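Here is a short tour for anyone meeting this protein for the first time. Take a look at the model, then read on for a few spots worth zooming in on.

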Amino acid sequence: MSKDNIKRLLDWLDASPSCFQAVDTISRELENAGFVRLNEEESWQLTPGGKYYTTKNSSAIAAFICGTASPAEAGFRIITSHSDSPCFKIKPNAEIIGDGGVVSLNVEKYGGGILYTWFDRPLSVAGRVMLRTADPFAPEERLVDVKRPVATIPHIAFHFNRAVNEGNPLSVQKDMKPVVGYFSDAELEEMKRHGGFVKSLIADELCVDHSDILDYELCLYPCEKAGIVGAAGEYFQSGRIDDLSMAFASLEALLGMKDAVTECTRIMGVFDNEETGSGTKQGAHSPWFRSVMERIGAPGEELHRAVARSFMISADDAHAWHPNYNEKYDPTNHPVIGGGPVIKINANCKYMTDAQSAAVFRRLCEEAGVKCQSFVNHSDVAGGSTLGNILTGQLPLRGVDMGCAIWAMHSARETAGVSDHLDTVKVFSRFYGA
Ligand code: ZN
């Protein structure tokens, strides 16, 4: 375990500006390690010790190494996380033309981001595009990542809002529209003939005709690369640390298993739409993950025996104690960056953690030689939730909610700890059987 893991994490974060690229990045790493892709519409022929993965909607992924025993006999070891992060999605017919030929884009907020962290940054565009084919039921899907900064959301000048630092309510519709440039009348005419700015940008990127673009799911993302911060390089910063850092920690642990054979079947699941309640076919509320487990070899009654023998780590980042806001934190359970993985606990069951599952995780940390912290909300603060309990609506799994302690959750650029990530990979590796 070394700084190489952090370099790889930063590269993965940069390569994953949307949930679609995140799943693509994970898929490519799995294929390089010999995992075989399984298609949902085909019959699955699995062998003990075999390594496989399958995707849903190109934005959720499940990868697994079959155990030598059946899941009903040896259970599943599961680590889950999510591929989505708060962002702005570009609406259809997005172009709004203003004075001097200034073009801005009509966008919609996805999830609960910290809006003002998105101002005055170089922004690019990524996501997926659907192209025309002969079969209307099977449009061709292509991923796109423009990579270069093509937009910015300029803040209003201080002089027009001198109270800006005393609280500044923002309207997504009015304040958050990104500007992409200014164009002459002739250029605007040309742009219109090519389906508008967004379609012509994407058509150029993909070398296709704009008229073949049937639809798209595109988001804005900050172009700044992920990087190391701190006097001794103890922090790393990036967009989408919540929750891609956990997805990549589980990937690192699964890839690290190489050809280590265990009786139990090891799975990592990365779901989409956690930030909007998980209620889609590719979200944790869907029966998709349960169907993957059934198809791995636990049909019917065997699934219930398998579930009883299984354990899940629901991995989603936690709030690190912030030196400027001590009053927001529980007096005795506030995890710090650098203090190791965090068990998340809630008396009202927003997290799936209970004494038994926390005990299991604490022992795994001991065996992995890493410190472990606890997070409990300040009793007057509502706090958040995550996908662990949503998934238990489909499968009554025992398990623990945990994550790394990060600052500025849902900012366009979050901050986390280098050692915490390395420690999390160690404990995930121990969990998967190393
Ligand atoms: Zn999260």
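Let's start at the metal. The four donor atoms around the zinc ion make angles of 52 to 144° with one another, so their arrangement counts as irregular. For four donors to be called tetrahedral, all angles would have to lie between 85 and 135 degrees. Keep in mind that this is a predicted model.

Which protein atoms are the donors of the zinc ion? They are NE2 of His82, an OD atom of Asp242 and, listed twice, OD of Asp316, at 2.0 to 2.7 Å from the ion. Along the chain, these donors follow the spacing H-x159-D-x73-D. The pair of histidine 82 and aspartate 242 links distant parts of the chain: histidine 82 belongs to strand β4 (residues 76-82), aspartate 242 to helix α7 (residues 241-256), and the two are 160 residues apart.

Are these two donors buried or exposed? Histidine 82 has a relative accessible area of 0%, so it is buried. Aspartate 242 is buried too, because its relative accessibility is 2%; the cut-off for buried is under 20%.

Aspartate 242 has another feature to show. A cis peptide bond, with omega at about 15°, joins it to aspartate 243, and aspartate 243 is also placed in helix α7. Most residues other than glycine have a negative phi, and most peptide bonds are trans.

That brings us to two residues with a positive phi. Asparagine 93 is not a glycine, yet its phi is about 45°. You'll find asparagine 93 in strand β5 (residues 87-97), and it counts as exposed because its relative accessibility is 71%. Cysteine 207 is not a glycine either, and its phi is positive at about 55°. Cysteine 207 sits in the loop between α6 (197-206) and β10 (213-222); with a relative accessibility of 72%, it counts as exposed.

Now for the rings. How many aromatic pairs does the structure hold? There are 11. One of them brings together phenylalanine 431 and tyrosine 432: the ring centres are 5.8 Å apart and the planes meet at 35°, so this pair is tilted. Phenylalanine 431 and tyrosine 432 are both buried. Elsewhere, ring pairs join Trp44, Tyr52 and Phe64 into a cluster.

Trp44 turns up again with a charged partner: the charged end of arginine 295 sits over the ring of tryptophan 44, 4.1 Å from the ring centre. Lysine 89 does something along these lines with tyrosine 110, its charged end sitting over the ring at 4.4 Å from the centre.

Next, two residues whose side chains reach out to the backbone. Serine 310 is in the loop between α9 (301-308) and β14 (311-315). Its relative accessible area is 0%, so serine 310 is buried. Setting aside residues up to four places away in sequence, serine 310 touches Gly75, Phe76, Leu397 and Arg398.

Threonine 133 is in a loop as well, between β7 (123-131) and β8 (140-145). Threonine 133 counts as partly exposed because its relative accessibility is 32%. Apart from neighbours within four places in sequence, threonine 133 is in contact with Ala138, Pro139 and Glu140. The table lists the polar contacts of both side chains.

| Side chain | Backbone atom | Distance |
|---|---|---|
| serine 310 | nitrogen of phenylalanine 76 | 2.7 Å |
| serine 310 | oxygen of alanine 306 | 2.6 Å |
| threonine 133 | oxygen of aspartate 135 | 3.0 Å |
| threonine 133 | oxygen of alanine 138 | 2.8 Å |

To finish, here are two C-alpha to C-alpha distances to try in the viewer. Threonine 133 and alanine 231 are 98 residues apart in sequence and 54 Å apart in space. Valine 180 and leucine 123 are separated by 57 residues in sequence and by 9.4 Å in space.

Where is valine 180 found? The answer is strand β9 (residues 179-182). With a relative accessibility of 14%, valine 180 counts as buried. Leaving out residues up to four places away in sequence, it touches Val103, Leu105, Val150, Ala151 and Phe197.

How values were computed. Residues numbered from 1 in each chain as written. Predicted model: local features only at pLDDT ≥ 70, side-chain atom pairs only at ≥ 80, totals over all residues. Heavy atoms only, no water. Donors = N, O, S within 2.8 Å, 3.2 Å for Na, K, Ca; no water. Tetrahedral: all angles 85-135°; square planar, octahedral: opposite > 155°, others 65-115°. Helix = DSSP H or I, 4+ residues; strand = E, 2+ residues; numbered from the N terminus. Buried < 20%, exposed > 50% of the residue type's maximum accessible area, 1.4 Å probe, protein only. Phe/Tyr/Trp six-rings, centres within 6.5 Å; stacked < 30°, edge-to-face > 60°. Lys NZ or Arg CZ within 6 Å of the ring centre and 35° of its normal. Polar contact = N/O pair within 3.5 Å; in protein donor to acceptor, adjacent residues only side chain to side chain. Contact = heavy atoms within 4.5 Å.
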